[in-house]
Amino acid sequence: MLHDQAHDHTAPTDLGSAFRWAVGRNTAYVIVEATAGVLTGSLALLADAAHNLSDVAAC
């Protein structure tokens with residue numbers, strides 16, 4: 001069986017409210033974490049905020 005025949009890779013048209021809620025919460029967490037990183041001078045917090053931001057942007 002060919003790979004393309006096994007399953008479909010197209011994105012669903014509606015991801016649902018749970019997905020939107022999760023993206024919103026992660027976005028808020030990025031803002032809080034980046035703010036804390038700037039205020040405390042923590043490169044670890046800033047790096048994790050950037051990582052989470054890239055995850056949110058990929059959605």
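**A tour of helices H2 and H3**

Begin by selecting helix H2 (residues 17–40) and H3, whose axes come within 8 Å of each other and cross at roughly 160 degrees. Because angles over 145 degrees count as roughly antiparallel, H2 is roughly antiparallel to H3. The crossing in which H2 passes H3 is left-handed. Please note that this model is predicted.

Next, display the side chains where the two helices meet. On H2, select Val-23, Asn-26, Thr-27, Tyr-29, Val-30, Glu-33, Ala-34, Ala-36, Gly-37, Val-38 and Thr-40. On H3, the residues to select are Leu-45, Leu-46, Asp-48, Ala-49, Asn-52, Leu-53 and Val-56. If this contact of H2 with H3 is coloured by residue class, 11 residues are nonpolar, 5 are polar and 2 are charged.

Now centre the view on Asn-52, which lies in helix H3 (residues 43–58). Is Asn-52 buried or exposed? Asn-52 counts as buried because its relative accessibility is 12%, and buried means under 20%. Which residues is Asn-52 in contact with, leaving aside its neighbours within four places in sequence? They are Asn-26, Tyr-29, Val-30 and Glu-33. Each of these four names also appears among the H2 residues of the contact with H3.

Finally, return to the whole chain. Its secondary structure comprises 3 helices and 0 strands, in the order α-α-α from the N terminus. Of the 59 residues in the chain, 14% are buried. Switch on the surface to finish: the accessible surface of the chain is about 4700 Å², and carbon and sulfur atoms account for 66% of that area.

Definitions and conventions:
Residues are numbered from 1 along each chain as its sequence is written. This is a predicted model: local features need pLDDT of at least 70, side-chain atom pairs count only at pLDDT 80 or more; totals for chains, interfaces and linings use all residues. Side-chain values use heavy atoms; hydrogens and water are left out. Buried means under 20% relative accessible area, exposed over 50%, partly exposed in between (1.4 Å probe, protein chains only). Accessible areas come from the Shrake-Rupley method with a 1.4 Å probe; for residues, only the protein chains shown count as cover. Contact means heavy atoms within 4.5 Å. Axes are lines fitted to C-alpha atoms, for helices over the stretch in contact, and angles run from 0 to 180 degrees between N-to-C directions. Angles under 35 degrees count as roughly parallel, over 145 as roughly antiparallel, 65 to 115 as roughly perpendicular and the rest as oblique. A crossing is left-handed if the near helix is turned anticlockwise from the far one by less than a right angle, and right-handed if clockwise. Ala, Val, Leu, Ile, Met, Phe, Trp, Tyr, Cys and Pro count as nonpolar, Asp, Glu, Lys and Arg as charged, and the others, Gly among them, as polar.
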